[in-house]
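User: I am new to this structure and would like a close look at a single part of it, the largest pocket, together with what surrounds that part. Please take me through it in one connected account.

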Amino acid sequence: VYRRAVDWLDWIFPQAWIVEHNKVHHYRLNEDADPDFVERNTQVVQAWDLPLAAKYVIVAVQMATWKWFYYASNTLKLLHADRPAAPS
């Protein structure tokens with residue numbers, strides 16, 4: 001599990017990374033369409049009525065797991081988005 005976590009780019013298809021990160025993200029930096037727009041992605045946590053320390057813990061967990069719950073699935077989804085019957 002350790003090597004798998006450290007070498008996480010090994011389980012993201014290179015072509016899918018090019019589509020998601022280089023095209024979708026970099027062509028839309030700091031716009032609402034940017035999938036990595038931090039201010040938009042953390043609005044829910046900012047709105048919660050929690051102590052600041054709890055919010056920091058939540059954000060730290062999100063940072064540590066972002067590559068698994070976001071990049072692993074969305075890079076592949078965006079790679080195949082133009083295909084018929086592709087998931088949205």
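Analyst: A residue is called buried when its relative accessible area is under 20%, exposed when that value is over 50%, and partly exposed in between. By that cut-off H25, at 10%, is buried. The model described here is predicted, and the account starts with the chain before turning to the pocket.

The chain has five helices and zero strands. Read along the sequence, the pattern is α-α-α-α-α. Of the 88 residues in the chain, 24% are buried. The accessible surface comes to about 6,600 Å², and carbon and sulfur atoms account for 63% of that area. Among contacts between residues at least 6 apart in sequence, 50% join residues at least 24 apart.

Now the pocket itself. The largest pocket holds about 230 Å³ of space. Its lining is made up of D36, V38, N41, T42, V59, Q62, M63, W66, F69 and Y71. Two elements give two or more residues to this lining, namely α3 (38–41) and α5. The largest share comes from α5, which supplies six residues. Helix α5 spans residues 52–79.

One of the lining residues, D36, leads to H25. Leaving aside neighbours within four places in sequence, H25 is in contact with D36, and also with E20, D34 and P35. H25 belongs to helix α2, which covers residues 14–25. Because its relative accessible area is 10%, H25 counts as buried.

The loop between α2 and α3 comes next, and N30 is found there. The phi angle of N30 is near 60 degrees, a positive value in a residue other than glycine. Most residues other than glycine have a negative phi. N30 is exposed, since its relative accessible area is 61%.

A charged pair also belongs in this part of the account. D32 forms a salt bridge with R40, and their closest N and O atoms are 3.5 Å apart. The count of salt bridges comes to one. The two partners fall into separate classes of exposure: D32 has a relative accessible area of 57% and is therefore exposed, whereas R40, at 24%, is partly exposed. R40 lies within the residue range of α3 (38–41), an element that contributes to the pocket lining.

On the α5 side, the loop between α4 and α5 holds L50, with α4 covering residues 43–47. Not counting residues up to four places away in sequence, L50 touches K55 and I58. Both of these fall within the range of α5 (52–79). L50 has a relative accessible area of 36%, so this residue is partly exposed. Together with V44 and W48, L50 forms a nonpolar patch on the surface. The accessible area of that patch is about 270 Å² for the three residues together.

To return to the part you asked about: the largest pocket has α3 and α5 as the elements that each give two or more residues to its lining, with α5 giving the largest share. Around this picture, H25 of α2 is in contact with the lining residue D36, and L50, in the loop before α5, touches K55 and I58.

Key. Residues are numbered from 1 along each chain as its sequence is written. This is a predicted model: local features need pLDDT of at least 70, side-chain atom pairs count only at pLDDT 80 or more; totals for chains, interfaces and linings use all residues. Side-chain values use heavy atoms; hydrogens and water are left out. Patches are made of residues with over 30% relative accessible area and no salt bridge: like charges are joined within 9 Å, nonpolar side chains (Val, Leu, Ile, Met, Phe, Trp, Tyr) within 5 Å. Accessible areas come from the Shrake-Rupley method with a 1.4 Å probe; for residues, only the protein chains shown count as cover. A salt bridge is a side-chain nitrogen of Lys or Arg within 4 Å of a carboxyl oxygen of Asp or Glu. Helices (H or I, at least four residues) and strands (E, at least two) are DSSP runs, numbered from the N terminus. Buried means under 20% relative accessible area, exposed over 50%, partly exposed in between (1.4 Å probe, protein chains only). Contact means heavy atoms within 4.5 Å. On a 1 Å grid over the protein atoms alone, a cavity is a set of points where a 1.4 Å probe fits but cannot get out, and a pocket is an open set with protein on both sides within 12 Å along at least five of seven lines; lining residues have an atom within 4 Å of a point. Grid points are joined across faces, edges and corners, and a volume is the space filled by probe spheres set on the points.
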